[in-house]
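Trainee: Could you take me through the odd backbone spots in this one, slowly? I'd like a close look at a single part, with whatever surrounds it for context.

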Amino acid sequence: NGITYYYIVTAVNAGAESAASAEVSATPILAVRKVPDTGQTTKYSTAFGDDSDYLINPPSYTDNGNGTITDNVTGLMWQKPDDGVSRTWFESASVCGALTTGGYSDWRLPNVFELMGIVNYGVFAPAINSTYFPLTVPAAYWSATAFAGNTSDAWKVSLSNGRIGHIRKSRSNYITKCVRGAESGAQSFTDNGDGTVTDNVTTMMWQKQDDNTTRTWESAITYCENLSLAGYSDWRLPNAKTLRSIVDNAIVSPSINSTYFPATVSSFYWAATTYASSTSFAWNVDFSDGLTYIGNGKSGTNYARCVRLGQ
């Protein structure tokens, strides 16, 4: 879209928790980011509008031939193979800070949004492109993002199935994959005054306030496809990555900016993405805290918030 994002990155101390707090180490001047597509290409709904029906920013990678992989959508550079070692959150940050792969020494632990970006929700065990990320352990990986509801916890992303949850930073059961590049994750919204909100970072337009109605997964897809709001009729149910992009990791109950998204229920909202391991389930995001989970199956009911456009 012709917009460039610039960041001032501040070095952090290598010791203790401050070393791992990468989520506060970057001060955005102008924050713009693309949301990579989920990678899900199989259709699981009889109605038009499930994840596979929309391909925006398809995953694309370049193997740099030096043990690193560049994500062509986000511009971030990743470790190609990680070491598969389980560590605490604190140890993971130190490992990334000391890494010198590909001739670079500015590696860091990714934040939760960045780590979710390399999940491929079309496959599982591991839920990642194994051509570019070989030997990825189908397990949970640490993110740099602390959990706002309890700062003794940090967010983790499963590269087995794509689940996003939080756990004690002192737990040593989780793996490390390092990243380099300007940190993304800052949020900026504009209230358009017509019942819609534009995300200035992703360029997506959102329903400002959902209708406070719970629906089955198929009904949520149909609801968004049939929505007419602010003169627009090209609304859709967001995929898992798009939906979690409006989670505010700094707050809980609800974990969303209530100025721009008032009356958001601290509960589960449907994503258009099917759970690849068991297709009777679909992904949803809990806006009480940001948990991304498969919930109660497609025949159960959750809320829906619709989106349109994007890069």
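Mentor: Here is a walk along the loops with unusual backbone geometry, followed by a helix and the cavities.

Keep in mind that this is a predicted model. Let's start in the loop between α3 (112–117) and β7 (140–146), which is where P126 sits. The peptide bond leading from A125 into P126 is cis, and its omega is near 10 degrees. A125 itself also belongs to the loop between α3 and β7, and its phi is positive, about 50 degrees, even though A125 is not a glycine. For background, most residues other than glycine have a negative phi, and most peptide bonds are trans. So how exposed is A125? With a relative accessibility of 44%, A125 falls in the partly exposed class, because that class runs between the 20% and 50% cut-offs.

Now hop along to the loop between α5 (240–244) and β15 (268–274), home to P254. Here S253 and P254 are joined by a cis peptide bond, with omega at about 0 degrees. The loop between α5 and β15 also holds A263, another non-glycine with a positive phi, in this case about 60 degrees. A263 has 56% relative accessibility, so it counts as exposed; the cut-off for that is over 50%.

For some contrast with the loops, look at helix α2, residues 89–98, where the buried residues are W89, S92, A93 and C96. Viewed down the axis of α2, these buried residues stay within an arc of 100 degrees, so they line one face of the helix. The general background is that an α-helix has 3.6 residues a turn, so residues three or four places apart point the same way.

Last, the empty space inside. Rolling a probe the size of a water molecule over the atoms shows where such space is left. Four cavities of 30 Å³ or more turn up in this structure, and the largest cavity holds about 60 Å³ of space. Its lining is made up of V35, P36, D37, Y54, I56, N57, M204, R236, N239 and T242. Sorted by type, the lining of the largest cavity comes out as five nonpolar, three polar and two charged residues.

If you go back to the model with one spot in mind, make it A125: a positive phi on a non-glycine, followed by a cis bond into P126, in a residue that is partly exposed.

Definitions and conventions. Residues are numbered from 1 along each chain as its sequence is written. This is a predicted model: local features need pLDDT of at least 70, side-chain atom pairs count only at pLDDT 80 or more; totals for chains, interfaces and linings use all residues. Side-chain values use heavy atoms; hydrogens and water are left out. On a 1 Å grid over the protein atoms alone, a cavity is a set of points where a 1.4 Å probe fits but cannot get out, and a pocket is an open set with protein on both sides within 12 Å along at least five of seven lines; lining residues have an atom within 4 Å of a point. Grid points are joined across faces, edges and corners, and a volume is the space filled by probe spheres set on the points. Ala, Val, Leu, Ile, Met, Phe, Trp, Tyr, Cys and Pro count as nonpolar, Asp, Glu, Lys and Arg as charged, and the others, Gly among them, as polar. Helices (H or I, at least four residues) and strands (E, at least two) are DSSP runs, numbered from the N terminus. Buried means under 20% relative accessible area, exposed over 50%, partly exposed in between (1.4 Å probe, protein chains only). The arc is that of the directions from the helix axis to the C-beta atoms.
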